[in-house]
Amino acid sequence: MCSKKGCVPFKGTKEQEKALLEVIAELKDQKGALMPILQKAQDIYGYLPIEVQTIISNETGIPLEKIYGVATFYAQFALNPKGKYRISVCLGTACYVKGSGDLFDSLQEKLGIKGGECTPDGKFSLDACRCVGACGLAPVIMVNDDVYGRLTVDDLDDILAKYE
């Protein structure tokens, strides 16, 4: 299922599938079971790839398009895995007017992925966010819990090198 650039092949284990099937069996007959099933599935796998959504559909009888619709509607759900190093670029107003859009574009180019994707080696994922509360340091990126501020595109190689 993984042919595009920036796509990480699904690597679910039998143990994860067993845990998911147990969750589904426990919850599927309850009213409103889809949300808790999706939440627990994401806890098990770290994200909700189409393979996991298909298992949920097959086991619950809920159409795959409905599951996909719920998974894409709520921001708490991720359809792509997150990297070991999760890069978030603030695109809030203060950061954006000071050049964070250029930082985001440059990171997409350097990493070879788009926003919301993960590098094929699973090392980096890239996301945009709206405000990290560090407007005085604009423009800001975060790598996991590390905050980097007052950045230019020229600073990015040194930051990425810290995580290689």
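**Helix 3 against helix 4, and three backbone points**

In this predicted model, helix 3, residues 50-60, and helix 4, residues 64-73, have axes that come within 9 Å and cross at roughly 130 degrees. That crossing makes helix 3 oblique to helix 4, because an angle counts as roughly antiparallel over 145 degrees and as roughly perpendicular from 65 to 115. The crossing of helix 3 past helix 4 is right-handed.

Which residues make the contact? From helix 3 they are I50, Q53, T54, I56 and S57, and from helix 4 they are L64, I67 and Y68. Sorted by class, this contact between helix 3 and helix 4 has five nonpolar residues, three polar ones and no charged ones.

Now to the backbone. As background, most peptide bonds are trans, and most residues other than glycine have a negative phi.

The bond from A138 to P139 is cis, and its omega is near -5 degrees. P139 sits in the loop that runs between strand 2, 124-129, and strand 3, 141-143.

Next is N144, in the loop between strand 3 and strand 4, the latter being 146-148. N144 is not a glycine, yet its phi is positive, at about 55 degrees. Is N144 buried, partly exposed or exposed? Its relative accessibility is 23%, so N144 counts as partly exposed; the cut-off for buried is under 20%.

Last is R150, in the loop between strand 4 and helix 7, which covers 156-161. R150 also is not a glycine and has a positive phi of about 55 degrees. With a relative accessible area of 58%, R150 is exposed, because exposed means over 50%.

Definitions and conventions: Residues are numbered from 1 along each chain as its sequence is written. This is a predicted model: local features need pLDDT of at least 70, side-chain atom pairs count only at pLDDT 80 or more; totals for chains, interfaces and linings use all residues. Side-chain values use heavy atoms; hydrogens and water are left out. Axes are lines fitted to C-alpha atoms, for helices over the stretch in contact, and angles run from 0 to 180 degrees between N-to-C directions. Helices (H or I, at least four residues) and strands (E, at least two) are DSSP runs, numbered from the N terminus. Angles under 35 degrees count as roughly parallel, over 145 as roughly antiparallel, 65 to 115 as roughly perpendicular and the rest as oblique. A crossing is left-handed if the near helix is turned anticlockwise from the far one by less than a right angle, and right-handed if clockwise. Contact means heavy atoms within 4.5 Å. Ala, Val, Leu, Ile, Met, Phe, Trp, Tyr, Cys and Pro count as nonpolar, Asp, Glu, Lys and Arg as charged, and the others, Gly among them, as polar. Buried means under 20% relative accessible area, exposed over 50%, partly exposed in between (1.4 Å probe, protein chains only).
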